[in-house]
Amino acid sequence: MSTADSFVVMAKPVGPICNLDCGYCYYLGKTGLFPPGEHFRMSPQVLESYVSSFIASSPGPVVHFGWHGGEPTLAGIDFYRQVVELQDRYLPAGWRCLNNIQTNGTLLNARWCSFLAEHHFAVGLSIDGPANLHNASRPDRRGRPTHERAMRGLRLLRAAGIEPDVLCTLNALTASHPTEVYRFFVDQNVQWVQFLPVVERAPGGGVSQRSVTPEAMGEFLCTIFDEWVRHDVERIGVQNFLECFLVVTGKPANLCVMSRTCGQVLAMEHDGSVYSCDHYVDPAHRLGEVMSDGLAALVGSSEQIAFGEAKHDSLPACCRECPVGFLCHGGCPKDRFTTAPDGEAGLNYLCAGYRRFYSHVLPYLRRMATLARQGRPIFEISAELEAAEHEDRLRWRTTGRNDSCPCGSGRKYKQCCLLTRRR
């Protein structure tokens, strides 16, 4: 890999340590990778090596740093002051850094938000919808609810002039309440939201009860898309939908889960250990150390290239032939543990949900792409749908018993859909 290629690092300032105890979290257990008494805090030496190596490996002129956890605010404001100082020290003239921090928001205060605003940090905020759904899955380490603290974080960020992106997990509970979850975010005037499916492997095989089922995920995404495309395209950005729109317009997806290959999103632990992916932080996928190996060498290593190419190379035949495969590309490799209808291994557990979702939204997205090519706002689709559906309802209301059925069956209305009282 050359330095002209771009990649992302999910850096973990405090490793997997978190002040919450979310039942579905796949990262809390990573403490087992370290010896007893481990000090889960990135040292100044590791931090400087990371910042300098990442800037040196970036094509510039904008360098994107991502801070994750665990809960990255546990590192404290002074840690991020050091981050900014190091970035200023190592940035070439004319370059700039953009920092993004993904937080549960419960530790934010006015001082934190002032710092984040001053240094133009983008913020991702984790909220699982309304209080009853959020608190069921996201208690703190003492079992107490955290929704109000997360919402307080949202209010403080906005008071400081920061509009955060929201991350909401689709677990077994939230996925069963699509309208309630979606309208909660609309009512809160959230500008950008991503829905992330929870797939948690069970020790004896299969998945845990907390995991979303493929059917529930598909139903959730289709239900909220139908409301979004009719009412909210201009009002709220839903990453799951807009990433599909990018692909339909011929652009590459930003999400690795939708990309043909992966391997461009590394994870770096607090001790400087670098792994192939945030979902593969384990000894088998440990690439090396940022202090001794450098990021460009690690992301360009034969091991990492093979890891990334395997996403495409290991696709089952049914995925290669799938009509919506260009949107899916088999999904995340971590979820490819079921078998295809023909018995071939490597099918994504969520396949049925993805297939339903992508098939459902594709006609709408293609129309939006046409609007964009014509230089028209994509939200015009909402008015088009309203007009078309008004005409459709009117046609059904004015059809006589002996007229041809509006459904197009060729039968008389009284012998067809009138029997179902469709009006």
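Lys and Arg count here as positive and Asp and Glu as negative; His and the chain ends are left out. The legends below describe a predicted model.

**Figure 1. Charge and overall build of the protein.** On that count the protein carries 43 positive and 44 negative side chains. The centres of the two sets lie 9 Å apart. The secondary structure comes to 15 helices and 12 strands. The C-alpha trace spans about 85 × 50 × 45 Å along its principal axes. The radius of gyration is 24 Å, which agrees with the value near 22 Å for a compact globule of 423 residues. Of the 423 residues, 50% count as buried. The accessible surface is about 19500 Å², and 52% of that area belongs to carbon and sulfur atoms. Among contacts with a separation of 6 or more, 67% join residues 24 or more positions apart.

**Figure 2. Asparagine 19 and its surroundings.** Asparagine 19 sits in the loop between strand E1 (8-11) and helix H1 (44-57). Its relative accessibility is 16%, so asparagine 19 counts as buried; the cut-off for buried is under 20%. The side chain of asparagine 19 makes a polar contact with the side chain of threonine 106, at 2.9 Å. Thr106 also appears in the contact list of asparagine 19, together with Glu71, Leu74, Asn104, Leu107, Asp140 and Arg141. That list leaves aside neighbours within four places in sequence.

**Figure 3. Histidine 68 and two cis peptide bonds.** Histidine 68 is in the loop between strand E2 (62-67) and helix H2 (77-90). At 17% relative accessibility, histidine 68 counts as buried. Beyond its neighbours within four places in sequence, histidine 68 is in contact with Met10, Ala11, Lys12, Pro13 and Gln102. Glycine 70 is also placed in the loop between E2 and H2. The peptide bond from glycine 69 to glycine 70 is cis, with omega near 10 degrees. A cis bond also runs from glycine 60 to proline 61, with omega near 0 degrees. Proline 61 lies in the loop between H1 and E2. Most peptide bonds are trans.

**Figure 4. Leucine 167 in strand E5.** Leucine 167 belongs to strand E5, residues 165-170. Its relative accessibility of 18% means that leucine 167 counts as buried. Leucine 167 and glutamine 194 are 27 residues apart along the chain, yet their C-alpha atoms are separated by 5.0 Å. Gln194 is one of the contacts of leucine 167. The others are Gln102, Leu125, Ser126, Ile127, Asp128 and Leu196, with neighbours within four places in sequence left aside.

**Figure 5. The buried residues of helix H6.** Helix H6 covers residues 178-187. Its buried residues are Pro178, Val181, Tyr182, Phe184, Phe185 and Val186. What do the buried residues of H6 pack against? The partners include three helices: H4 (131-137), H5 (147-159) and H7 (214-231). Strands E5, E6 (192-197) and E7 (237-238) are also partners. Asparagine 189 follows H6, and its phi is positive, near 60 degrees.

**Figure 6. Two histidines with positive phi.** Most residues other than glycine have a negative phi. Histidine 120 has a positive phi near 60 degrees. Histidine 120 lies in the loop between helix H3 (110-118) and strand E4 (122-126). Is histidine 120 buried or exposed? At 61% relative accessibility, histidine 120 counts as exposed; the cut-off for exposed is over 50%. Histidine 329 also has a positive phi, of about 50 degrees. Histidine 329 is found in the loop between helix H13 (325-328) and strand E11 (338-339).

**Figure 7. Glycine 346 in strand E12.** Glycine 346 lies in strand E12, which covers residues 345-347. Glycine 346 counts as buried because its relative accessibility is 16%. Not counting residues up to four places away in sequence, glycine 346 touches Pro316, Arg336 and Thr338. The C-alpha atoms of glycine 346 and glycine 330 are separated by 9.0 Å. These two glycines are 16 residues apart along the chain.

Terms used:
Residues are numbered from 1 along each chain as its sequence is written. This is a predicted model: local features need pLDDT of at least 70, side-chain atom pairs count only at pLDDT 80 or more; totals for chains, interfaces and linings use all residues. Side-chain values use heavy atoms; hydrogens and water are left out. Helices (H or I, at least four residues) and strands (E, at least two) are DSSP runs, numbered from the N terminus. The radius of gyration is taken over C-alpha atoms; the globule rule is 2.2 Å times the number of residues to the power 0.38. Buried means under 20% relative accessible area, exposed over 50%, partly exposed in between (1.4 Å probe, protein chains only). Contact means heavy atoms within 4.5 Å. Accessible areas come from the Shrake-Rupley method with a 1.4 Å probe; for residues, only the protein chains shown count as cover. The place of a charge is taken as NZ of Lys, CZ of Arg, CG of Asp or CD of Glu. A polar contact is a pair of N or O atoms within 3.5 Å; within protein, one must be able to donate a hydrogen and the other to accept it, and residues adjacent in sequence count only if both atoms are side-chain atoms.
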